[in-house]
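Notebook open, model loaded. I want to go from one residue outwards and jot down what I look up as I go.

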Amino acid sequence: MSRVGVIEEEVRVEAMEIEREETEEMRDLNEEVKRIPPWTKQITVRGIVASVLIGFIYSVIVTKLNLTTGLVPNLNVSAALIAYVLVQSWTKVLKKANFATTPFTKQENTIIQTCAVACYSIAVGGGFGSYLLGLNKKTYEQAGVDTDGNTPGSHKEPRLDWMIGFLFVVSFVGLLVLVPLRKIMIIDYKLAYPSGTATAVLINQFHTPKGDKMAKKQVKGFMKVFSISFLWSFFQWFYSGGEKCGFAQFPTFGLKAWKNSFFFDFDMTYVGAGMICSHLVNLSLLLGAVLSWGIMWPLITEHKGAWFPATLPESSMKSLTGYKVFISIALLLGDGLYNFVRTLYFTLRSIYVTMKKKRPESSALDNKDLPLEELQRNEIFIRESIPFWLACIGYLIFSVISIIVIPIMFPALKWYYVLVAYIFAPFLSFCNAYGAGLTDLNMAYNYGKVALFVLAALSGKENGVVAGLIGCGLIKSMVSISSDLMHDFKTSHLTLTSPRSMLLSQAIGTAIGCVIAPLTFFIFYKSFAVGDSNGEYKAPYALIYRNMAILGVQGFSALPHHCLQLCYGFFGFAILANLMRDVTPERFGKWIPLPMAMAVPFLVGAAFAIDMAAGSLVVYAWHKINSKKADLMVPAVASGLICGDGIWILPSALLAILRVRSPICMAFLVGQTS
């Protein structure tokens with residue numbers, strides 16, 4: 001046979017092999033489609049129980065993060081892993097006890113993950129560390145009782161009744177506002193929604209023979225690290241019997257550095273969070289800590305008596321705390337404004353390009369070119385439609401309830417402001433959800449900040465602070481929840497899960513979260529000194545948000561001496577840093593710090609940034625030693641560290657409520673010299 005004939009034969013064999021593999025893949029997919037349970041059976045009792053448990057655990061964890069740093073990493077993938085661990089462990093126990101169990105499908109896994117994330121998302125975005133907590137009396141006093149705009153009576157103490165009622169009123173509107181556009185966002189525009197896609201990929205991997213082996217390794221690693229983290233937190237408690245005692249106050253770099261909050265405090269939650277967050281986020285936190293607590297605050301303190309009265313306590317907004325708060329605000333606003341404009345520009349440009357290219361007959365032509373696998377996914381996604389009239393009527397009903405109830409709960413926010421908010425909400429939600437599909441950035445907080453300033457300015461000095469804070473929560477909740485739902489629809493599209501069951505599970509999770517989130521917040525609020533500027537739970541964003549509202553009411557007169565010039569500088573730096581990251585080549589741009597991350601340690605200290613940098617260092621070293629194993633195990637190990645320490649918070653809070661103190665105080669003092 002000639003050489004040409006040999007090559008032709010090899011090509012023919014290779015083509016046959018490819019065709020055979022494609023046929024097998026399609027046969028497997030067809031079998032999988034046949035095995036998909038109806039949408040009514042994708043939501044199970046054990047799934048709801050698992051969702052409540054995961055939602056509660058993660059609500060405790062994110063509430064701790066909210067009240068300490070305000071920086072919460074994306075835990076969706078971690079929630080999918082925990083869901084798999086719980087249900088697989090449960091089914092194995094039942095099988096050993098000779099009980100029959102229904103198969104654990106990836107659709108059920110997706111539903112549990114969605115319900116659990118919807119539950120703890122209320123704790124993340126419900127304002128317990130920001131706009132709602134900014135209403136309490138302690139934050140009102142910290143902002144300065146004599147401050148113009150911070151009027152007497154403009155505070156409301158947290159209580160379960162009004163918090164749960166407020167969350168129920170504002171949280172469900174976001175579930176319905178973009179439901180009619182799900183096909184356009186997921187199928188027509190083919191938006192990526194990276195977090196939703198990553199979660200779907202993980203769930204799909206778990207429910208394959210190869211993925212099952214991978215999951216078993218992750219489960220084993222998770223349980224081991226979870227146990228170590230829980231026992232370590234329990235061990236630390238014995239040495240924390242007093243103020244500034246225990247391993248959490250260990251002067252890792254010396255007592256002088258410790259006084260400026262530079263020490264490793266052995267908090268496994270932040271080490272785990274550092275393993276999940278990118279290296280750039282962790283390095284930005286560390287840079288912000290060095291710049292503020294290592295350089296700026298010591299230098300500004302030297303100007304006590306010149307820049308601010310020496311008689312004022314450090315906690316006063318006219319003293320050092322004022323510089324900390326307002327410079328943090330400048331960084332946050334600069335970063336938020338840039339990303340808001342950037343995301344809006346790319347969103348509108350992408351929509352324009354998509355609509356320009358779209359032809360009336362293109363839909364049919366595009367469908368012919370799609371792979372059969374994607375056609376089947378699209379068909380399943382569209383088949384179980386959610387009625388358009390249901391979404392519209394539901395949105396109108398919840399809007400009317402909000403327009404009536406919110407002004408009754410908070411008279412400072414007039415009903416016509418709420419009406420205008422719900423008129424603009426669909427547009428704002430679409431822009432945010434579309435931008436999140438392109439960039440994975442949920443800009444809901446920035447929409448909320450815009451509403452905060454606008455409503456604070458319009459409502460005047462008497463009502464401005466309360467109206468601004470509640471209006472911020474109103475817009476932020478609607479915009480954020482609608483974006484989260486689109487992420488979940490993307491996951492359902494890729495895991496062949498019914499959109500109906502996804503929407504229902506999201507609603508169930510939201511309802512559970514509206515109760516669980518306030519309860520977990522009150523575990524901290526009643527057990528620990530929340531809002532104490534010298535304590536562990538500083539709740540920095542509560543003070544930041546209240547001062548944003550005051551700034552909206554009275555302008556720049558709230559700032560201490562020379563603070564305005566520093567704010568201008570850091571606001572400009574935030575915009576310039578973001579601009580440089582976008583215009584410079586990636587090899588340089590990836591090292592430019594993130595102003596949003598830099599702002600956090602300006603107010604809360606450097607210790608947590610060191611913890612997260614340690615987590616980043618562990619991941620870096622692990623990848624250098626064994627990159628393949630690191631890719632597999634880092635999510636499991638990080639989840640174990642976070643959950644182990646998070647679970648310990650519950651017995652720790654119970655001991656605090658019962659006034660049981662640790663028997664030992666391990667403290668560190670300057671040694672005496674002879």
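**Entry 1: Thr63**

I started with Thr63 and asked what it touches. Setting aside neighbours within four places in sequence, I get contacts from Thr63 to Ala123, Thr520, Phe521 and Phe524. Worth noting straight away: this is a predicted model. Thr63 itself sits in helix α3. Buried or exposed, then, for Thr63? Its relative accessible area is 2%, so Thr63 goes down as buried.

**Entry 2: α3 against α26**

Since I was in α3 anyway, I looked up how it packs on α26. The axes of α3 (residues 45–68) and α26 are 9 Å apart, at an angle of about 90°. That puts α3 roughly perpendicular to α26. On the α3 side I listed Phe56, Ile57, Tyr58, Val60, Ile61 and Lys64. Facing them in α26 are Ile642, Cys643, Asp645, Gly646, Ile647, Ile649 and Leu650. By type, the residues of this α3 and α26 contact come out as 10 nonpolar, one polar and two charged.

**Entry 3: the whole chain**

I stepped back for the totals. I count 26 helices and zero strands in the protein. There are 674 residues, and 53% of them are buried. Next I checked sequence separation: of the contacts with a separation of 6 or more, 82% are between residues 24 or more positions apart.

**Entry 4: α20 against α22**

Another helix pair. How are α20 and α22 set against each other? I find α20 (residues 444–495) and α22 (residues 540–554) at an angle of about 60°, with their axes 10 Å apart. An angle of that value makes α20 oblique to α22. α20 brings a long list to the contact: Tyr445, Lys449, Leu452, Phe453, Ala456, Ala457, Gly460, Lys461, Gly464, Val465, Leu469 and Cys472. From α22 I noted Tyr545, Arg546, Met548, Ala549, Ile550, Leu551, Gly552 and Val553. Sorted by type, the α20 and α22 contact residues give 14 nonpolar, three polar and three charged.

**Entry 5: cysteines**

How many disulfides does the distance rule give? I get one. The partners are Cys245 and Cys665, with sulfur atoms 1.9 Å apart. I also pulled the torsion about their S-S bond: about -60°, so I wrote this disulfide down as left-handed.

Where do the two ends sit? Cys245 is in the loop between α11 (209–237) and α12 (255–259), while Cys665 is in the segment after α26 (607–657). The pair therefore ties together parts that are 420 residues apart in sequence. Accessibility splits them: Cys245 is buried at 8% relative accessible area, whereas Cys665 is partly exposed at 39%.

I looked up two further cysteines while I was there. Cys277 has a relative accessible area of 16%, which makes it buried. Cys392, with 30%, is partly exposed.

**Entry 6: a length check on α10**

A quick sanity check on helix geometry. Helix α10 (residues 194–206) has 13 residues, so at 1.5 Å a residue it should span 18 Å. I compared that with its end C-alpha atoms, and they are 18 Å apart, which agrees. I then pulled the buried residues of α10: Ser195, Gly196, Thr199, Ala200, Leu202, Ile203, Asn204 and Phe206.

**Entry 7: positive phi**

Last lookup was backbone torsions. Most residues other than glycine have a negative phi, so I flagged cases that go the other way.

- Asn98 has a phi near 65°, positive although the residue is not glycine. I place Asn98 in the loop between α4 and α5 (106–125), and with 72% relative accessible area Asn98 is exposed.
- Ser261 has a phi near 70°, again a positive value in a residue other than glycine. Ser261 lies in the loop between α12 and α13 (268–276), and its relative accessible area of 13% makes Ser261 buried.

While at α4 (residues 76–96) I also checked Leu94, which belongs to that helix. Leu94 counts as buried, at 18% relative accessibility, since the cut-off is under 20%. Leaving out neighbours within four places in sequence, Leu94 contacts Phe99 and Thr101.

Note on methods. Residues are numbered from 1 along each chain as its sequence is written. This is a predicted model: local features need pLDDT of at least 70, side-chain atom pairs count only at pLDDT 80 or more; totals for chains, interfaces and linings use all residues. Side-chain values use heavy atoms; hydrogens and water are left out. Helices (H or I, at least four residues) and strands (E, at least two) are DSSP runs, numbered from the N terminus. The expected span of a helix is 1.5 Å times one less than its number of residues. Buried means under 20% relative accessible area, exposed over 50%, partly exposed in between (1.4 Å probe, protein chains only). A disulfide is a pair of cysteine sulfur atoms within 2.5 Å. Axes are lines fitted to C-alpha atoms, for helices over the stretch in contact, and angles run from 0 to 180 degrees between N-to-C directions. Angles under 35 degrees count as roughly parallel, over 145 as roughly antiparallel, 65 to 115 as roughly perpendicular and the rest as oblique. Contact means heavy atoms within 4.5 Å. Ala, Val, Leu, Ile, Met, Phe, Trp, Tyr, Cys and Pro count as nonpolar, Asp, Glu, Lys and Arg as charged, and the others, Gly among them, as polar.
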